Amino acid sequence: MAIPHASNETSYLLPPNKEDWEGQGIPDFVYEQEELMMEGVQWPRGALSLLNTPPLSHFDSALCSAWRQRMELGLFRYPLGELPTQTLPGTVGFVAQLNVERGVQRRCPQNIKSVRQEFDPEQFNFNQIRPGEVLFRLHRKQDCPGTVQQEDILVVINVSPLEWGHVLLVPEPARGLPQRLLPGALRAGVEAVLLSSHPGFRVGFNSLGGLASVNHLHLHGYYLAHRLPVEGAPSEPLDPRGRLHVLQALPAPGFLFYTSRPGSDLEALISRVCRATDYLTDCEIAHNLFVTRGAPPGKATSSSALSGVRVILWPRKPSFGIKEGEAFNVALCELAGHLPVKTAQDFSSLTEAAALALIRECLLPPAQAEDVRAALVALIAREEE
């Protein structure tokens, strides 16, 4: 995906000499709540290219210029050019991309046996990354009375990128937090989406057993210049106050949380989502989560109507490690409709039916799925009035 060079953004770049990288410290990207863009971000008419979107936001410019420099400096495991991309014929609208290098060169997953596994400092973790891999520290000013102070979040390159601008959001890595979603981490992810003026910047979370390969709390963020099915997929309410919905459309049924307002509404959404993921984690149920701009819950809507934030949560069968021989692994982006495919042969032969079959293999059995649905409805119903 072509990203224009940011002519006026230099403060997040590394100094020319490698010896100076560690000494310069981590720059701060400080933002205020008023910079969160709930409205006005839309897909362009015509070709889906970043070049056709409105000017990049300050956040986009900082991330893209720093990310590009790290790519030019060779800090990734492989160079990432334009990825062959196709929309699979059918009713879903799967976006398939060929990314051979990620399938071959990404870090082998850790030995994980439980959704609730504790952090192990002896395993790889984000305290061990090279200084140049950190782009900046994401920090929100507490500029309004009553707003929650956001903890500092490191924005780090994913050295095995699945798309342009692929980063990890890592909350205070020195705390050694296991891969269990916390409100501060989710808040940073949602606000990163709202700081971007690009409609295709998304954030997601894989639990342990949901194909998280590192047991150290982190979220993924990346750009994809294509609409995805979950942006406007139809849903039905599970709660009379509209706090929880279920997606009815393919590629996979999931629980939908939505807000179109920052402040207290956004805080309430974050609380609900984390109570749901706490329940799933405590019950040893793996899960994936995806944050994207999208349409309000209800009937199918044109995905150009990006009037708020959709957070989709998918409980799923646990899967530990990478399965060999499959066209793609099912995690946060695949459940949303973005399929990074490992081989040219699979990319050329993949069909919608085959993709759906792979995804269905990872879903909970119907009886367990119904139990989870009932439990989450009850959990939301207990929320204080």
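**Exercise 1. How are helices H3 and H4 oriented to each other in this predicted model?**

Start with what to look for: two packed helices are described by the angle between their axes and the distance between the axes. Here H3 covers residues 183-195 and H4 covers residues 264-282; they pack at an angle of about 130°, with their axes 10 Å apart. Next, compare that angle with the cut-offs: over 145 degrees would count as roughly antiparallel, and 65 to 115 as roughly perpendicular. The angle fits neither class, so H3 and H4 are oblique to each other. As for handedness, H3 passes H4 in a right-handed crossing.

**Exercise 2. Which residues of H3 and H4 meet?**

On the H3 side, look for Pro183, Leu186, Arg187, Val190, Glu191 and Leu194. Their partners in H4 are Leu266, Glu267, Ile270, Val273 and Cys274. Sort this contact by class and you get 8 nonpolar, no polar and 3 charged residues.

**Exercise 3. At what angle do H4 and H8 pack, and which residues make the contact?**

First find H8 at residues 366-381; its angle with H4 is about 140°, and the axes are 10 Å apart. Roughly antiparallel needs an angle over 145 degrees, so H4 and H8 are oblique to each other. Their crossing is right-handed. Now pick out the residues: H4 brings Arg272, Arg275, Ala276, Tyr279 and Leu280, while H8 brings Val372, Ala375, Leu376, Leu379 and Ile380. By class, that makes 8 nonpolar, no polar and 2 charged residues.

**Exercise 4. Which residues have the most contacts inside the largest nonpolar core?**

A bit of background: in soluble globular proteins, nonpolar side chains tend to be buried together. The largest nonpolar core here has 68 residues, and Trp67, Phe136 and Phe257 have the most contacts inside it. H3 gives the most to this core, with 8 residues. Zoom in on Phe257: leaving out residues up to four places away in sequence, its contacts include Leu269, Arg272, Val273 and Ala276, as well as Val309, Val311 and Ile380. Apart from this core lies another one, of 35 residues, with Trp314, Leu335, Val341 and Leu356 among them.

**Exercise 5. Is arginine 70 buried or exposed?**

Find arginine 70 in helix H1, residues 58-72. Its relative accessibility is 1%, and buried means under 20%, so arginine 70 counts as buried. Then check its surroundings: beyond four places away in sequence, arginine 70 touches residues including Tyr12, Leu14, Phe76, Val134 and Ile157. Finally, try a distance: arginine 70 and histidine 338 are 268 residues apart in sequence and 25 Å apart in space, C-alpha to C-alpha.

Key: Residues are numbered from 1 along each chain as its sequence is written. This is a predicted model: local features need pLDDT of at least 70, side-chain atom pairs count only at pLDDT 80 or more; totals for chains, interfaces and linings use all residues. Side-chain values use heavy atoms; hydrogens and water are left out. Axes are lines fitted to C-alpha atoms, for helices over the stretch in contact, and angles run from 0 to 180 degrees between N-to-C directions. Helices (H or I, at least four residues) and strands (E, at least two) are DSSP runs, numbered from the N terminus. Angles under 35 degrees count as roughly parallel, over 145 as roughly antiparallel, 65 to 115 as roughly perpendicular and the rest as oblique. A crossing is left-handed if the near helix is turned anticlockwise from the far one by less than a right angle, and right-handed if clockwise. Contact means heavy atoms within 4.5 Å. Ala, Val, Leu, Ile, Met, Phe, Trp, Tyr, Cys and Pro count as nonpolar, Asp, Glu, Lys and Arg as charged, and the others, Gly among them, as polar. A nonpolar core is a set of buried Ala, Val, Leu, Ile, Met, Phe, Trp, Tyr and Cys residues joined through side-chain atoms within 4.5 Å. Buried means under 20% relative accessible area, exposed over 50%, partly exposed in between (1.4 Å probe, protein chains only).
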